Amino acid sequence: MTRPENDPATFEIVKNSLYKIAEEMRVVLAKTAYSPILKSAGDYSCGVFDRTGDMVAQGPDLPIHLGSMPDAVRAVVKAFGDDVHPGDVFIHNDPYFGGSHLPDVNVVRPAFYEDMLLGYACLRAHWPDVGSATPGSYGAVTEIYGEGLRLPPVRLYVGGVLNKGLEDVILANVRTPDERKGDLGSQLAATLRATERLHALAKRYGPDGLLQYMDDVMAYSDRLMRAALRDLPDGEGYFEDFCDGDGIPDAPDGSDAPFWIRMRITKTGERIVVDFAGTDGQVAGPMNAALSVSASGVFCALKTAIDPNSLIPPNSGCWRAIEVKAPKGAVVNAEFPAPVVYSNHEISHRTADMAMGALAAFMPDQVMACSQGTSAVLTLGGLDPRKGTRYVSYETVKGGFGARPNKDGINVIASGISNTMNTPVEVLEMAFPVRVERYEIQPDSGGPGRYRGGNGARRTWRMLDGADATGALCMERMTSPPFGLLGGSAGIPATVTLTTPDGLTRGLPSKGAFAAPGGSVIDMVTPGSGGFGPVAGRDPAAIGRDLLDGYITAGAAASAYGIKDPAALKAAAKEEDRR
């Protein structure tokens with residue numbers, strides 16, 4: 001079939017079909033995955049890519065993957081060139097070949113029409129364990145060799161035939177091979193569905209026509225992004241912030257030393273340059289990020305600020321007007337063999353929040369205050385005494401979403417570069433030997449301001465008797481609180497404590513492994529988020545509603561907002577609700 005020229009109706013149909021392919025991949029994975037982090041929490045992303053590895057369409061998944069998934073597919077294109085055939089499937093997770101961190105495993109399947117390559121389907125899914133010394137693969141190590149199984153781009157299927165030896169190697173290096181085999185199978189099923197849908201589109205519109213439409217979709221996003229940029233003011237903004245540490249006690253006093261990230265954003269016409277010059281060099285522990293990971297956070301923030309109504313389809317065309325650069329060897333542009341496992345989410349959270357801070361200098365009406373700024377990861381692993389089998393639990397715990405120029409932040413929700421859901425407590429307790437004793441909003445944790453920052457959460461786990469576990473924590477914003485903007489105050493930082501069966505309680509460091517004997521209790525308060533605008537500008541009626549809802553306490557109403565009679569304000573809010 002010949003492609004119609006200048007046919008906007010057909011263009012819309014094909015564009016939306018490509019996005020629906022990515023969305024359908026998500027549905028297939030959610031219906032067939034084994035691990036709760038995939039099946040319930042949705043820690044994965046699905047995309048359709050052209051023959052060069054550019055992203056044409058992404059599902060409604062995780063912004064954290066926007067910048068690095070195209071590099072993952074390009075790594076396959078570079079490694080195999082024209083040696084790609086129907087029935088082939090590739091797998092890899094190497095951060096230095098376009099991956100993010102080792103637990104994020106990419107399954108890349110080429111799509112063909114007859115013998116013509118149309119492009120690729122890629123599904124990146126977080127595997128709760130890929131080996132290493134720590135269950136969950138979240139230990140504080142000093143080289144990537146210690147982070148688990150590292151796969152460069154390799155062929156898992158050859159012409160439709162499984163490379164059984166490679167599968168055996170993969171499953172021999174993980175703690176829960178049956179679960180990993182199930183998750184891999186779901187990725188294979190989802191990418192197969194996507195290539196079938198691409199084949200159907202090529203049959204309907206012709207393979208050459210489909211390829212042209214794929215180019216047109218990216219060019220469309222490019223035009224919309226440049227038009228949006230032209231309508232916004234030019235300017236320059238600078239922001240710097242420090243990270244809590246890298247998990248390695250390397251300060252002179254034996255503590256985990258902080259390090260600094262510095263960012264300058266320059267916007268001129270339809271172009272933006274983001275420069276990390278002056279950022280500290282790569283660190284000993286796993287807080288080092290590949291540049292594509294750091295760029296993912298930047299892209300997420302810029303897309304949110306420039307396109308708040310989400311009118312621009314997210315794909316590689318969006319980023320053609322944006323340049324992200326950093327010195328080689330900086331913590332945001334690390335070099336092999338630096339460890340990276342924490343950085344995938346922690347550094348991209350940080351660069352997204354910092355981009356908002358820098359944009360506030362010349363786009364104050366387009367930005368939001370700092371969100372929780374961490375994925376608040378807790379892993380637990382050991383032997384489940386109920387079943388006599390090994391288990392690995394991986395959770396990301398939600399915190400506050402930053403306040404905005406016209407509304408409050410949101411309580412206890414995945415924020416910034418994340419888009420994961422809560423795993424139901426019942427699912428966790430069935431799958432793992434833990435009991436969740438508390439999960440509630442933490443009052444007063446959102447930063448005061450004209451608009452209040454979203455509150456974080458308090459979550460408490462108890463290990464079942466006899467379920468000795470090795471845990472690992474990865475948590476930023478324990479010493480660097482989530483900042484407010486334009487007069488708004490910071491949210492409260494995070495805290496995590498461990499109480500062992502002997503009754504001793506100690507604070508856990510922000511990163512690294514720890515022992516949790518059966519009967520231990522882990523108590524976590526996730527970070528809140530920053531407020532927006534001067535505190536004095538907050539409507540007293542809004543404070544009253546916060547008191548009524550339990551989002552702030554009477555003490556905070558008095559100390560943060562100067563309210564002399566919080567009880568009266570709360571009563572007025574209750575009466576207003578009654579009406």
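## The seven-stranded sheet

Contact here means that heavy atoms lie within 4.5 Å of one another, and it is in this sense that helix α3, residues 69–80, lies across β1 (44–49), β2, β3, β4 (104–113), β5 (116–126) and β6 in this predicted model. The direction of α3 runs at about 130° to that of β5.

The strands that α3 crosses belong to an open sheet of 7 strands, whose order is β2-β1-β5-β4-β3-β6-β7 and whose pairing is antiparallel. At its edges stand β2 (55–58) and β7 (161–162), each of which pairs on one side only. Within the sheet, β3 (residues 89–92) and β6 (residues 154–158) are joined in the antiparallel sense over 3 bridges, and Val-89 has Tyr-157 of β6 as its bridge partner.

## The four-stranded sheet

A further open sheet is formed by 4 strands in the order β8-β9-β10-β11, and here the pairing is mixed. Its edge strands, each pairing on one side only, are β8 (235–243) and β11 (322–325), and the twist from one strand to the next averages 15°. Strands β9 (residues 259–268) and β10 (residues 271–275) pair in the antiparallel sense over 5 bridges, with Val-274 of β10 serving as the bridge partner of Ile-265.

Two helices accompany this sheet. Helix α8 (residues 343–359) packs on the sheet and touches β8 and β9, its direction making about 50° with that of β9, while helix α7 (residues 291–306) lies across β9, β10 and β11 and runs at about 145° to β11.

## Helices α1, α5 and α6

Helix α1 (residues 8–32) packs against helix α5 (residues 177–205) at an angle of about 160°, with the two axes 8 Å apart. Because angles over 145 degrees count as roughly antiparallel, α1 is described as roughly antiparallel to α5; their crossing is right-handed. Among the residues that meet in this pairing are Ile-13, Leu-18, Ile-21 and Leu-29 in α1, and Ala-190, Ala-194, Leu-198 and Leu-201 in α5.

Helix α5 also crosses helix α6 (residues 207–230), at roughly 110° and with axes that come within 6 Å, and this angle makes α5 roughly perpendicular to α6. The contact is made by Leu-198, Leu-201, Ala-202 and Tyr-205 of α5 together with Pro-207, Gly-209 and Leu-210 of α6, and this crossing, too, is right-handed.

## Nonpolar cores

The largest nonpolar core holds 115 residues, of which Leu-18, Ile-261, Met-263, Ile-265, Val-274 and Phe-276 touch the most other members. When neighbours within four places in sequence are left aside, the contacts of Ile-265 include Ile-272, Val-273, Val-274, Ala-355, Leu-359 and Phe-362. Apart from this core lies another, of 23 residues, among them Leu-378, Phe-432, Ala-469 and Leu-508.

## Two buried residues

Ser-393 lies in strand β13, residues 389–396, and counts as buried because its relative accessibility is 3%. Not counting residues up to four places away in sequence, Ser-393 touches Leu-378, Thr-379, Leu-380, Leu-428 and Phe-432.

Ala-467 is placed in the loop between β17 (457–463) and β18 (469–474), and at 0% relative accessibility Ala-467 likewise counts as buried. With neighbours within four places in sequence left aside, Ala-467 is in contact with Leu-383, Pro-385, Pro-433, Ala-516, Pro-517 and Gly-518. Gly-484, by contrast, is 17 residues from Ala-467 in sequence and 41 Å from Ala-467 in space, taken from C-alpha to C-alpha.

Definitions and conventions:
Residues numbered from 1 in each chain as written. Predicted model: local features only at pLDDT ≥ 70, side-chain atom pairs only at ≥ 80, totals over all residues. Heavy atoms only, no water. Pairing = 2+ DSSP bridges. Axes fitted to C-alpha atoms, helices over the stretch in contact; angles between N-to-C directions. Core = buried A, V, L, I, M, F, W, Y, C linked by side-chain atoms within 4.5 Å. Buried < 20%, exposed > 50% of the residue type's maximum accessible area, 1.4 Å probe, protein only. Parallel < 35°, antiparallel > 145°, perpendicular 65-115°, else oblique. Left-handed = near helix turned anticlockwise from the far one by under 90°.
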